[in-house]
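Welcome! Below are a few short exercises, each with a worked solution. Have a look at the structure, then try each task before reading on.

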Amino acid sequence: MAVLLSACATTPPPAPRWSIIVHGGAGVIERANLTPEVEAQYRAAMQRALDTGGAILDRGGSSLDAVEAVIQEMEDDPLFNAGRGAVFTAEGRNELDASIMDGRTRAAGAVAGLTRTRHPISAARAVMEHSPHVMLIGEGAEAFARTQNLEHVDPSFFFTERRWQQLEQNLQRNNLPIPQRPAGAPPQREARTTWPDDHQFGTVGVVARDTHGDIAAGTSTGGTTGKRWGRVGDAPIIGAGTYAQNGVCGVSATGTGEFFIRVGVARDICARMEFNGESAQEAADHVIMEVGALTNARGEAGDGGVIVLDGEGRPAWAMNTPGMYRASLQAGGEPIVQIFADED
């Protein structure tokens, strides 16, 4: 499978004072199907993410604070499959996963299967900073989040009509029963809405390097439409969907999580950089190519993308999908916001 990626300079430029890179999911995102209005909404959302994170980093804030703040914002934006706007399980629930990692200490926190915590990324950070554990799941994770005074909401807060209609279509294709519309959801619309960029998966992620040279990475997702049996993907798995190590790299991934877990994508990229001397771009290219070479029991190939910062804060990204919502910004530089795989 061909890897489509953004070109990086062959000679590394000087290290920026701070830098940030963001993704909003990868998938079947093509010019022919994406309306100008929808494209503009996504580009504006990615620019807001850079503005939020860049402002924190520019005033000397920590990479962890920047990562958390940007992902919180994206978890509240129904454009993305994280928090409000997350996809539904086959049972008609939103089950949310997130992880975060501190490259300075390699401390990490993760949560999976949340249904009431408004900001899963904040729960993941609380696990990292205020518990002896790395990952908590389900009701235990919710209970822990309450002890940390994190905001809890009614599950209907996460509901969007777009994602409910996706669930109905998914279940119909798979000859599965459609659950009752969730309590508290608004009345059903008669007309179906169409979002041409929709795909079964989607994730948001951020990697940042602050003025102290500390790298942090975080990832948050609603998982895959129609997932069953408590399925968990790569987003909350440290070393698969998220990884950070000062002086080496920070990574956040998006794609079909089963493949990213099998490859150990995020850690593999960093290991290639640390032990093989590969650049961030080279490592990202190699690992995404490896993902694409795998197949599952249905013969489907692995798909998705990654964003990476090297130890000096230089950005890279790679994907084997038609598009990935992505953006980057460095201190004193111009923002880069891209959607389609062939954008320079």
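**Exercise 1.** In this predicted model, find what Pro236 touches, not counting residues up to four places away in sequence, and decide whether Pro236 is buried or exposed.

*Solution.*
- Step 1: Begin with the location. Pro236 sits in the loop between S7 and strand S8 (242-245).
- Step 2: List the partners. Beyond residues up to four places away in sequence, Pro236 touches Asp97, Ala98, Ser99, Ala110, Val111, Ala112 and Met135.
- Step 3: Take one of these partners, Asp97. Asp97 and Pro236 are 139 residues apart in sequence, yet 5.7 Å apart in space, C-alpha to C-alpha.
- Step 4: Check the accessibility. The relative accessible area of Pro236 is 1%, and buried means under 20%, so Pro236 is buried.

**Exercise 2.** Work out the order of the eight strands in the open sheet, and say which strands stand at its edges.

*Solution.*
- Step 1: Follow the strands across. The order is S5-S4-S3-S7-S6-S2-S12-S13, with mixed pairing.
- Step 2: Look at the two ends. Strand S5 (135-137) and strand S13 (336-340) each have a single partner strand, so one side of each lacks a neighbour in the sheet.
- Step 3: Zoom in on one pair. Strand S3 (residues 96-102) and strand S4 (residues 107-114) run antiparallel and are joined by six bridges. Here Ile100 is opposite Gly109 in S4.
- Step 4: Add the helices. H1 packs on the sheet and touches strand S2 (19-27), strand S6 (203-209), strand S12 (323-330) and S13. H3 also packs on the sheet, touching S3, S4, S5 and strand S7 (215-221).

**Exercise 3.** Describe how H2 and H3 are arranged relative to each other.

*Solution.*
- Step 1: Compare the axes. Those of helix H2 (residues 63-75) and helix H3 (residues 120-130) come within 8 Å and cross at roughly 150 degrees.
- Step 2: Apply the cut-off. Angles over 145 degrees count as roughly antiparallel, and H2 and H3 are therefore roughly antiparallel to each other.
- Step 3: Sort the residues of this contact: five are nonpolar, two polar and five charged. Among them are Leu64 and Ile71 in H2, and Arg125 and Met128 in H3.

**Exercise 4.** Which residues have the most contacts inside the largest nonpolar core?

*Solution.*
- Step 1: Name them. This core has 50 residues, and Ile20, Val22, Met46, Met74, Phe80 and Val111 have the most contacts inside it.
- Step 2: Find the largest contributor. Helix H1 (residues 36-58) supplies eight residues, the largest share.
- Step 3: Look for another core. A second, separate one of 37 residues includes Ala108, Ala244, Cys249 and Ile269.

Conventions: Residues are numbered from 1 along each chain as its sequence is written. This is a predicted model: local features need pLDDT of at least 70, side-chain atom pairs count only at pLDDT 80 or more; totals for chains, interfaces and linings use all residues. Side-chain values use heavy atoms; hydrogens and water are left out. A nonpolar core is a set of buried Ala, Val, Leu, Ile, Met, Phe, Trp, Tyr and Cys residues joined through side-chain atoms within 4.5 Å. Buried means under 20% relative accessible area, exposed over 50%, partly exposed in between (1.4 Å probe, protein chains only). Helices (H or I, at least four residues) and strands (E, at least two) are DSSP runs, numbered from the N terminus. Axes are lines fitted to C-alpha atoms, for helices over the stretch in contact, and angles run from 0 to 180 degrees between N-to-C directions. Angles under 35 degrees count as roughly parallel, over 145 as roughly antiparallel, 65 to 115 as roughly perpendicular and the rest as oblique. Contact means heavy atoms within 4.5 Å. Ala, Val, Leu, Ile, Met, Phe, Trp, Tyr, Cys and Pro count as nonpolar, Asp, Glu, Lys and Arg as charged, and the others, Gly among them, as polar. Two strands pair if DSSP finds at least two bridges between them.
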